[in-house]
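Subject: Structure for you to look at

Hello,

Here is the structure I said I would pass on. My notes on it follow below.

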Amino acid sequence: MHVVLFEDSRVQDLYPITIGRAAFSISVGSMRLLNLTRELGDELELVVRPHLRDVLKEDAPYAWSPEKGARKGPILLINARTAPQASLVDIWKKIVSEPVERGCAVYAGDSLAFALLESAELLPNQEIGPAQLQGLLQDLALPAIDVPFPVTLLERPSDAIRLHMRLINENLESRIATGNYEEIADGLFVPRDVANRPKIGAYFDCDSKAGPIILSENVNIGPFCFIRGPVYVGPNSKVIEHSAIKDYVAISSTCKVGGEVEATTIEPYSNKQHHGFLGHSYLGSWVNLGAGTCNSDLKNSYNEVFLETPAGKFPSRMQFLGCVIGDYSKTAINTSIFTGKTIGACSMAYGFVTTAVPSFVNYARSFGQVTELPVELMALAQERMFVRRSKTQRPCDVKLIRDMYELTRGERQLANEPLSL
(Lines give C-alpha, C1' and ligand atoms only; values in the text may rest on other atoms or scores of the structure.)
Protein backbone atom coordinates (compact mmCIF):
# COMPACT_ATOMS: atom_id res chain seq x y z
CA MET A 1 0.00 0.00 0.00
CA HIS A 2 1.10 3.54 -0.81
CA VAL A 3 0.03 6.35 1.57
CA VAL A 4 -0.20 9.96 0.37
CA LEU A 5 -0.49 12.84 2.85
CA PHE A 6 -1.68 15.84 0.87
CA GLU A 7 -2.30 19.49 1.62
CA ASP A 8 -5.44 20.99 0.11
CA SER A 9 -6.40 24.54 -0.83
CA ARG A 10 -7.66 25.38 2.67
CA VAL A 11 -4.35 24.87 4.44
CA GLN A 12 -3.74 28.63 4.38
CA ASP A 13 -6.77 29.08 6.65
CA LEU A 14 -4.58 27.63 9.42
CA TYR A 15 -2.10 30.55 9.37
CA PRO A 16 -0.02 31.37 11.38
CA ILE A 17 0.46 27.69 12.28
CA THR A 18 1.01 26.52 8.71
CA ILE A 19 3.14 29.38 7.41
CA GLY A 20 6.30 27.33 7.84
CA ARG A 21 5.04 23.81 8.53
CA ALA A 22 2.89 21.29 6.72
CA ALA A 23 -0.57 20.70 8.15
CA PHE A 24 0.32 17.08 8.92
CA SER A 25 3.08 18.35 11.26
CA ILE A 26 0.66 20.10 13.64
CA SER A 27 0.55 18.48 17.08
CA VAL A 28 -3.00 17.79 18.28
CA GLY A 29 -3.64 15.75 21.40
CA SER A 30 0.13 15.07 21.65
CA MET A 31 0.22 13.41 18.18
CA ARG A 32 1.02 14.45 14.63
CA LEU A 33 -0.73 13.04 11.60
CA LEU A 34 2.68 12.45 10.01
CA ASN A 35 3.70 10.11 12.82
CA LEU A 36 0.29 8.45 13.00
CA THR A 37 0.33 7.49 9.32
CA ARG A 38 3.84 6.08 9.61
CA GLU A 39 2.29 3.38 11.82
CA LEU A 40 0.73 1.98 8.66
CA GLY A 41 4.23 0.78 7.77
CA ASP A 42 3.99 1.42 4.03
CA GLU A 43 5.35 3.82 1.43
CA LEU A 44 4.63 7.40 2.47
CA GLU A 45 4.39 10.29 0.00
CA LEU A 46 4.13 13.94 1.09
CA VAL A 47 2.30 16.38 -1.20
CA VAL A 48 2.86 19.90 0.12
CA ARG A 49 3.12 23.55 -0.94
CA PRO A 50 6.28 24.28 -2.96
CA HIS A 51 8.09 26.28 -0.25
CA LEU A 52 8.04 23.28 2.14
CA ARG A 53 9.47 20.67 -0.21
CA ASP A 54 13.19 21.29 0.33
CA VAL A 55 12.95 21.13 4.13
CA LEU A 56 10.83 17.99 4.04
CA LYS A 57 13.27 16.26 1.69
CA GLU A 58 15.91 16.82 4.39
CA ASP A 59 13.70 16.06 7.42
CA ALA A 60 11.78 13.13 5.92
CA PRO A 61 14.24 11.21 3.73
CA TYR A 62 12.06 8.11 4.12
CA ALA A 63 9.27 9.72 2.05
CA TRP A 64 8.56 8.40 -1.45
CA SER A 65 9.83 10.17 -4.54
CA PRO A 66 9.75 9.14 -8.23
CA GLU A 67 13.46 8.23 -8.00
CA LYS A 68 12.51 5.38 -5.63
CA GLY A 69 10.36 3.65 -8.22
CA ALA A 70 6.70 3.51 -9.15
CA ARG A 71 3.93 3.72 -6.56
CA LYS A 72 2.54 0.40 -5.40
CA GLY A 73 -1.24 0.20 -5.16
CA PRO A 74 -3.62 0.44 -3.53
CA ILE A 75 -3.18 4.12 -2.69
CA LEU A 76 -4.58 5.67 0.49
CA LEU A 77 -4.77 9.45 0.28
CA ILE A 78 -5.18 11.38 3.57
CA ASN A 79 -5.89 15.09 3.90
CA ALA A 80 -3.08 16.75 5.86
CA ARG A 81 -5.67 18.74 7.84
CA THR A 82 -7.11 15.55 9.38
CA ALA A 83 -6.99 15.78 13.17
CA PRO A 84 -4.61 13.03 14.36
CA GLN A 85 -6.85 10.63 16.26
CA ALA A 86 -5.34 7.29 17.25
CA SER A 87 -8.45 5.28 16.32
CA LEU A 88 -8.18 6.45 12.70
CA VAL A 89 -5.45 3.86 12.08
CA ASP A 90 -7.97 1.02 12.40
CA ILE A 91 -10.37 2.79 10.02
CA TRP A 92 -7.66 3.25 7.39
CA LYS A 93 -6.69 -0.42 7.65
CA LYS A 94 -10.33 -1.49 7.36
CA ILE A 95 -10.90 0.62 4.24
CA VAL A 96 -7.86 -0.92 2.58
CA SER A 97 -8.90 -4.47 3.54
CA GLU A 98 -12.44 -4.04 2.15
CA PRO A 99 -11.77 -2.45 -1.25
CA VAL A 100 -14.43 -0.86 -3.42
CA GLU A 101 -14.11 -1.02 -7.21
CA ARG A 102 -11.89 1.88 -8.40
CA GLY A 103 -11.88 3.23 -4.86
CA CYS A 104 -13.91 5.25 -2.36
CA ALA A 105 -13.85 8.51 -0.44
CA VAL A 106 -14.66 9.79 3.05
CA TYR A 107 -15.72 13.40 3.51
CA ALA A 108 -15.71 15.83 6.42
CA GLY A 109 -18.32 18.38 5.46
CA ASP A 110 -17.51 19.46 1.91
CA SER A 111 -13.80 18.54 2.18
CA LEU A 112 -12.22 15.22 1.26
CA ALA A 113 -10.79 13.62 4.40
CA PHE A 114 -9.28 10.52 2.83
CA ALA A 115 -9.72 8.33 -0.21
CA LEU A 116 -8.70 4.92 -1.52
CA LEU A 117 -7.54 4.32 -5.08
CA GLU A 118 -7.49 0.65 -6.01
CA SER A 119 -4.86 1.09 -8.71
CA ALA A 120 -1.62 3.09 -8.67
CA GLU A 121 -2.21 3.72 -12.37
CA LEU A 122 -4.85 6.30 -11.45
CA LEU A 123 -2.05 8.70 -10.48
CA PRO A 124 0.74 9.82 -12.84
CA ASN A 125 4.10 8.27 -12.02
CA GLN A 126 5.70 11.58 -11.11
CA GLU A 127 5.86 14.06 -8.26
CA ILE A 128 2.58 15.96 -8.07
CA GLY A 129 1.55 19.15 -6.30
CA PRO A 130 -1.52 19.85 -4.13
CA ALA A 131 -3.51 21.61 -6.88
CA GLN A 132 -2.82 18.88 -9.45
CA LEU A 133 -3.78 16.13 -6.99
CA GLN A 134 -7.02 17.87 -6.03
CA GLY A 135 -7.93 18.18 -9.71
CA LEU A 136 -7.28 14.48 -10.31
CA LEU A 137 -9.41 13.45 -7.33
CA GLN A 138 -12.23 15.72 -8.44
CA ASP A 139 -12.19 14.17 -11.93
CA LEU A 140 -12.28 10.63 -10.49
CA ALA A 141 -15.53 11.37 -8.59
CA LEU A 142 -15.04 8.49 -6.14
CA PRO A 143 -18.16 7.20 -4.34
CA ALA A 144 -18.51 8.36 -0.74
CA ILE A 145 -18.70 5.84 2.10
CA ASP A 146 -19.49 6.15 5.81
CA VAL A 147 -17.11 5.37 8.68
CA PRO A 148 -17.94 4.55 12.34
CA PHE A 149 -17.44 8.13 13.59
CA PRO A 150 -17.20 11.60 12.00
CA VAL A 151 -13.72 12.49 10.79
CA THR A 152 -12.64 16.00 11.80
CA LEU A 153 -10.45 18.36 9.80
CA LEU A 154 -8.62 21.40 11.13
CA GLU A 155 -10.33 24.46 9.66
CA ARG A 156 -9.02 27.39 11.74
CA PRO A 157 -6.03 27.77 14.11
CA SER A 158 -8.32 27.56 17.15
CA ASP A 159 -9.22 23.99 16.11
CA ALA A 160 -5.68 22.93 17.02
CA ILE A 161 -6.60 23.80 20.61
CA ARG A 162 -10.24 22.69 20.66
CA LEU A 163 -9.55 19.29 19.08
CA HIS A 164 -6.39 18.87 21.16
CA MET A 165 -8.54 18.92 24.29
CA ARG A 166 -11.04 16.50 22.76
CA LEU A 167 -8.47 13.95 21.56
CA ILE A 168 -5.64 14.00 24.09
CA ASN A 169 -7.05 11.32 26.42
CA GLU A 170 -7.63 8.87 23.56
CA ASN A 171 -4.20 9.56 22.09
CA LEU A 172 -2.41 9.18 25.43
CA GLU A 173 -4.19 5.88 26.10
CA SER A 174 -3.01 4.71 22.68
CA ARG A 175 0.57 5.74 23.48
CA ILE A 176 0.41 3.75 26.72
CA ALA A 177 -1.10 0.68 25.04
CA THR A 178 1.44 0.57 22.22
CA GLY A 179 4.50 1.98 23.99
CA ASN A 180 6.97 0.54 26.48
CA TYR A 181 5.82 2.36 29.61
CA GLU A 182 5.68 1.53 33.30
CA GLU A 183 3.13 2.99 35.71
CA ILE A 184 5.16 4.23 38.69
CA ALA A 185 2.23 5.95 40.43
CA ASP A 186 -1.51 6.09 39.85
CA GLY A 187 -1.86 7.23 36.23
CA LEU A 188 1.80 8.34 35.95
CA PHE A 189 3.70 6.57 33.16
CA VAL A 190 7.42 6.64 32.36
CA PRO A 191 9.64 4.59 29.99
CA ARG A 192 10.63 1.15 31.23
CA ASP A 193 14.23 1.72 30.15
CA VAL A 194 15.85 2.81 33.42
CA ALA A 195 18.69 4.62 31.64
CA ASN A 196 16.24 7.04 29.96
CA ARG A 197 13.80 7.55 32.78
CA PRO A 198 12.77 11.07 33.80
CA LYS A 199 14.51 12.83 36.64
CA ILE A 200 11.88 13.95 39.12
CA GLY A 201 12.71 16.52 41.79
CA ALA A 202 11.65 16.53 45.42
CA TYR A 203 8.10 17.37 46.50
CA PHE A 204 6.59 16.51 43.12
CA ASP A 205 2.83 15.93 43.14
CA CYS A 206 0.51 14.69 40.42
CA ASP A 207 -3.20 14.06 39.84
CA SER A 208 -4.39 11.67 37.13
CA LYS A 209 -8.11 11.53 37.92
CA ALA A 210 -9.07 13.27 34.65
CA GLY A 211 -6.46 11.61 32.46
CA PRO A 212 -3.04 9.95 32.37
CA ILE A 213 0.35 11.63 32.64
CA ILE A 214 3.20 10.50 30.38
CA LEU A 215 6.77 11.64 31.04
CA SER A 216 8.96 10.62 28.09
CA GLU A 217 12.65 9.79 27.79
CA ASN A 218 15.13 12.05 29.58
CA VAL A 219 12.48 14.46 30.88
CA ASN A 220 13.58 16.61 33.82
CA ILE A 221 10.94 17.66 36.38
CA GLY A 222 12.15 20.25 38.87
CA PRO A 223 11.31 20.23 42.58
CA PHE A 224 7.97 21.51 43.88
CA CYS A 225 6.13 20.84 40.61
CA PHE A 226 2.47 19.88 40.21
CA ILE A 227 1.11 18.04 37.15
CA ARG A 228 -2.58 17.25 36.62
CA GLY A 229 -3.50 15.05 33.69
CA PRO A 230 -4.09 14.52 30.95
CA VAL A 231 -0.53 15.68 30.25
CA TYR A 232 2.22 14.61 27.88
CA VAL A 233 5.84 15.75 28.25
CA GLY A 234 8.02 14.87 25.27
CA PRO A 235 11.61 13.60 25.19
CA ASN A 236 14.41 15.79 26.53
CA SER A 237 12.05 18.46 27.82
CA LYS A 238 12.35 20.22 31.15
CA VAL A 239 9.67 21.43 33.55
CA ILE A 240 11.06 24.22 35.72
CA GLU A 241 10.75 24.11 39.52
CA HIS A 242 7.54 25.44 41.12
CA SER A 243 5.55 24.87 37.93
CA ALA A 244 1.89 23.91 37.56
CA ILE A 245 1.21 21.92 34.37
CA LYS A 246 -2.43 20.91 34.29
CA ASP A 247 -5.46 19.81 32.29
CA TYR A 248 -4.84 18.95 28.63
CA VAL A 249 -1.20 19.98 28.17
CA ALA A 250 1.08 18.49 25.53
CA ILE A 251 4.73 19.57 25.60
CA SER A 252 6.75 18.32 22.64
CA SER A 253 10.42 17.36 22.60
CA THR A 254 13.29 19.60 23.74
CA CYS A 255 11.22 22.31 25.43
CA LYS A 256 11.66 24.24 28.69
CA VAL A 257 8.42 25.08 30.46
CA GLY A 258 7.67 26.85 33.70
CA GLY A 259 4.97 28.85 35.48
CA GLU A 260 1.31 27.90 35.05
CA VAL A 261 0.27 26.12 31.83
CA GLU A 262 -3.20 24.82 31.06
CA ALA A 263 -4.85 23.21 28.01
CA THR A 264 -1.98 24.07 25.67
CA THR A 265 0.17 22.51 22.95
CA ILE A 266 3.85 23.48 22.77
CA GLU A 267 5.76 22.38 19.68
CA PRO A 268 9.46 21.26 19.76
CA TYR A 269 12.29 23.61 20.75
CA SER A 270 10.05 26.23 22.38
CA ASN A 271 10.62 27.84 25.77
CA LYS A 272 8.32 29.24 28.43
CA GLN A 273 10.76 29.03 31.28
CA HIS A 274 9.56 31.75 33.63
CA HIS A 275 6.53 32.69 35.73
CA GLY A 276 3.34 33.68 33.95
CA PHE A 277 0.12 32.03 32.77
CA LEU A 278 -0.34 30.28 29.40
CA GLY A 279 -3.77 28.78 28.84
CA HIS A 280 -5.85 27.29 26.01
CA SER A 281 -3.13 28.19 23.54
CA TYR A 282 -0.88 26.84 20.81
CA LEU A 283 2.85 27.63 20.54
CA GLY A 284 4.79 26.79 17.40
CA SER A 285 8.43 25.71 17.31
CA TRP A 286 11.36 27.90 18.34
CA VAL A 287 9.04 30.22 20.30
CA ASN A 288 10.34 31.98 23.42
CA LEU A 289 8.09 33.69 25.97
CA GLY A 290 9.77 36.29 28.15
CA ALA A 291 9.43 36.29 31.94
CA GLY A 292 6.02 37.43 33.11
CA THR A 293 4.30 36.87 29.77
CA CYS A 294 0.63 36.05 30.34
CA ASN A 295 -2.39 35.51 28.14
CA SER A 296 -6.10 35.87 28.75
CA ASP A 297 -8.28 32.92 27.77
CA LEU A 298 -11.74 34.04 28.96
CA LYS A 299 -13.81 37.10 28.04
CA ASN A 300 -15.29 39.22 30.83
CA SER A 301 -18.71 38.55 29.28
CA TYR A 302 -18.12 34.76 29.31
CA ASN A 303 -19.20 34.71 25.64
CA GLU A 304 -17.68 32.63 22.86
CA VAL A 305 -14.20 33.86 21.99
CA PHE A 306 -13.61 34.94 18.39
CA LEU A 307 -10.18 34.12 17.00
CA GLU A 308 -8.51 37.23 15.60
CA THR A 309 -6.04 36.80 12.74
CA PRO A 310 -4.67 39.21 10.10
CA ALA A 311 -7.29 37.71 7.76
CA GLY A 312 -10.21 38.61 10.06
CA LYS A 313 -12.17 37.37 13.07
CA PHE A 314 -13.63 33.87 13.17
CA PRO A 315 -15.89 32.01 15.63
CA SER A 316 -13.99 29.45 17.68
CA ARG A 317 -16.85 27.50 19.32
CA MET A 318 -14.85 27.92 22.54
CA GLN A 319 -15.57 29.85 25.73
CA PHE A 320 -11.92 29.49 26.73
CA LEU A 321 -9.38 30.44 24.07
CA GLY A 322 -5.96 31.98 24.58
CA CYS A 323 -3.45 32.70 21.84
CA VAL A 324 -1.91 31.06 18.78
CA ILE A 325 1.77 31.89 18.21
CA GLY A 326 3.60 31.02 15.00
CA ASP A 327 7.08 29.51 14.65
CA TYR A 328 10.12 31.58 15.69
CA SER A 329 8.11 34.30 17.45
CA LYS A 330 8.97 35.76 20.85
CA THR A 331 7.58 37.98 23.58
CA ALA A 332 9.36 40.49 25.80
CA ILE A 333 9.13 40.44 29.60
CA ASN A 334 5.69 41.14 31.05
CA THR A 335 3.92 40.91 27.69
CA SER A 336 0.12 40.61 28.05
CA ILE A 337 -1.74 38.85 25.25
CA PHE A 338 -5.47 39.54 25.02
CA THR A 339 -8.07 36.79 24.48
CA GLY A 340 -8.15 34.98 21.15
CA LYS A 341 -5.20 36.74 19.51
CA THR A 342 -2.73 35.31 17.00
CA ILE A 343 0.93 36.23 16.69
CA GLY A 344 2.40 35.48 13.29
CA ALA A 345 5.66 33.73 12.54
CA CYS A 346 9.03 35.37 13.18
CA SER A 347 7.64 38.32 15.16
CA MET A 348 8.56 40.00 18.44
CA ALA A 349 5.77 41.25 20.74
CA TYR A 350 6.10 43.85 23.51
CA GLY A 351 3.62 45.30 26.00
CA PHE A 352 -0.08 44.67 25.36
CA VAL A 353 -1.06 42.47 22.42
CA THR A 354 -4.55 43.81 21.69
CA THR A 355 -4.81 42.90 17.99
CA ALA A 356 -3.63 40.16 15.68
CA VAL A 357 0.13 40.44 15.14
CA PRO A 358 1.40 40.07 11.55
CA SER A 359 4.45 37.96 10.74
CA PHE A 360 7.95 39.47 10.67
CA VAL A 361 7.23 42.55 12.80
CA ASN A 362 8.40 44.15 16.01
CA TYR A 363 5.02 44.75 17.64
CA ALA A 364 4.87 47.41 20.35
CA ARG A 365 1.48 48.84 19.48
CA SER A 366 0.74 49.96 23.03
CA PHE A 367 3.84 52.15 22.71
CA GLY A 368 2.77 53.39 19.26
CA GLN A 369 5.35 51.39 17.32
CA VAL A 370 5.06 48.55 14.81
CA THR A 371 8.03 48.00 12.52
CA GLU A 372 8.96 45.34 9.99
CA LEU A 373 11.57 42.82 11.04
CA PRO A 374 14.16 42.35 8.24
CA VAL A 375 14.32 38.83 6.88
CA GLU A 376 18.15 38.87 7.07
CA LEU A 377 17.93 39.52 10.81
CA MET A 378 15.52 36.62 11.25
CA ALA A 379 17.79 34.25 9.33
CA LEU A 380 20.69 35.28 11.58
CA ALA A 381 18.55 34.75 14.70
CA GLN A 382 17.61 31.30 13.41
CA GLU A 383 21.26 30.37 13.08
CA ARG A 384 21.98 31.50 16.65
CA MET A 385 18.99 29.58 18.02
CA PHE A 386 20.08 26.43 16.22
CA VAL A 387 23.59 26.67 17.65
CA ARG A 388 22.15 26.84 21.17
CA ARG A 389 20.39 23.51 20.55
CA SER A 390 23.33 21.87 18.74
CA LYS A 391 21.60 22.02 15.36
CA THR A 392 23.18 23.13 12.10
CA GLN A 393 21.40 25.72 9.98
CA ARG A 394 21.00 24.35 6.46
CA PRO A 395 20.41 26.23 3.21
CA CYS A 396 16.86 24.87 3.15
CA ASP A 397 16.21 26.41 6.60
CA VAL A 398 17.30 29.85 5.40
CA LYS A 399 15.25 29.46 2.24
CA LEU A 400 12.18 28.59 4.30
CA ILE A 401 12.57 31.78 6.37
CA ARG A 402 12.80 33.84 3.18
CA ASP A 403 9.78 32.08 1.67
CA MET A 404 7.77 32.66 4.86
CA TYR A 405 8.64 36.35 4.64
CA GLU A 406 7.35 36.60 1.08
CA LEU A 407 4.20 34.57 1.80
CA THR A 408 3.21 36.94 4.62
CA ARG A 409 4.16 40.23 2.98
CA GLY A 410 0.49 41.24 2.70
CA GLU A 411 -0.07 40.84 6.47
CA ARG A 412 2.27 43.69 7.28
CA GLN A 413 0.11 46.19 5.43
CA LEU A 414 -2.27 45.92 8.41
CA ALA A 415 0.31 47.34 10.79
CA ASN A 416 -0.78 50.96 10.15
CA GLU A 417 -4.33 50.44 11.40
CA PRO A 418 -5.29 52.37 14.56
CA LEU A 419 -5.06 50.56 17.90
CA SER A 420 -8.20 48.51 18.49
CA LEU A 421 -9.01 47.27 21.99
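Strand 35 and strand 36 make a hairpin, with 4 residues between the two strands. In its turn, Gly-368 has a positive phi of about 80°. Strand 35 covers residues 361-364 and strand 36 covers residues 369-372; the two run antiparallel and are joined by 4 bridges. One of the pairs is Val-361 with Glu-372, its bridge partner in strand 36. Please keep in mind that this is a predicted model.

A second hairpin links strand 27 to strand 28 through 2 residues. Here residues 306-309 (strand 27) pair with residues 312-315 (strand 28) in the antiparallel sense, over 4 bridges. Glu-308 has Lys-313 of strand 28 as its bridge partner.

Next, the sheets. One open sheet is built of 5 strands in the order 4-1-5-7-6, and its pairing is mixed. Its edges are strand 4 (43-47) and strand 6 (103-108); each has a single partner strand, so one side of each is left without a neighbour in the sheet. On average, neighbouring strands of this sheet are turned by 15° against each other, direction ignored. Within the sheet, strand 1 (residues 2-6) pairs with strand 5 (residues 75-79) in the parallel sense, over 5 bridges. Val-3 is found opposite Leu-76 of strand 5.

Two helices go with these strands. Helix 3, residues 88-97, packs on the sheet and touches strand 5, strand 6 and strand 7 (111-117). The direction of helix 3 makes about 45° with that of strand 7. Helix 4, residues 130-140, lies across strand 1, strand 4, strand 5 and strand 7, and runs at about 115° to strand 1.

Another open sheet has 3 strands in the order 26-31-34, with parallel pairing. Strand 26 (294-295) and strand 34 (352-353) are at the edges with a single partner strand each, so one side of each has no neighbour in the sheet. Strand 31, residues 336-337, runs parallel to strand 34 and is joined to it by 2 bridges. Ser-336 has Phe-352 in strand 34 as its bridge partner.

As for salt bridges, searching the whole structure gives 21. One of them joins the side chains of Glu-7 and Arg-49, at 2.8 Å from N to O. This pair links distant parts of the chain, with the two positions 42 residues apart in numbering. Glu-7 sits in the loop between strand 1 and strand 2 (27-28), while Arg-49 sits in the loop between strand 4 and helix 2.

Last, where is the empty space? A probe the size of a water molecule, rolled over the atoms, shows where such space is left. The largest pocket holds about 750 Å³ of space. Its lining consists of 28 residues, and those that lie nearest the centre are Arg-21, Ser-25, Arg-32, Val-55 and Asp-59. Helix 1 (33-38), helix 2 (53-59) and helix 7 (395-407) are the elements that give two or more residues to this lining. Sorted by class, the lining of the largest pocket has 14 nonpolar, 7 polar and 7 charged residues.

Regards

Notes
Residues are numbered from 1 along each chain as its sequence is written. This is a predicted model: local features need pLDDT of at least 70, side-chain atom pairs count only at pLDDT 80 or more; totals for chains, interfaces and linings use all residues. Side-chain values use heavy atoms; hydrogens and water are left out. Two strands pair if DSSP finds at least two bridges between them. On a 1 Å grid over the protein atoms alone, a cavity is a set of points where a 1.4 Å probe fits but cannot get out, and a pocket is an open set with protein on both sides within 12 Å along at least five of seven lines; lining residues have an atom within 4 Å of a point. Grid points are joined across faces, edges and corners, and a volume is the space filled by probe spheres set on the points. Ala, Val, Leu, Ile, Met, Phe, Trp, Tyr, Cys and Pro count as nonpolar, Asp, Glu, Lys and Arg as charged, and the others, Gly among them, as polar. Axes are lines fitted to C-alpha atoms, for helices over the stretch in contact, and angles run from 0 to 180 degrees between N-to-C directions. Contact means heavy atoms within 4.5 Å. A salt bridge is a side-chain nitrogen of Lys or Arg within 4 Å of a carboxyl oxygen of Asp or Glu.
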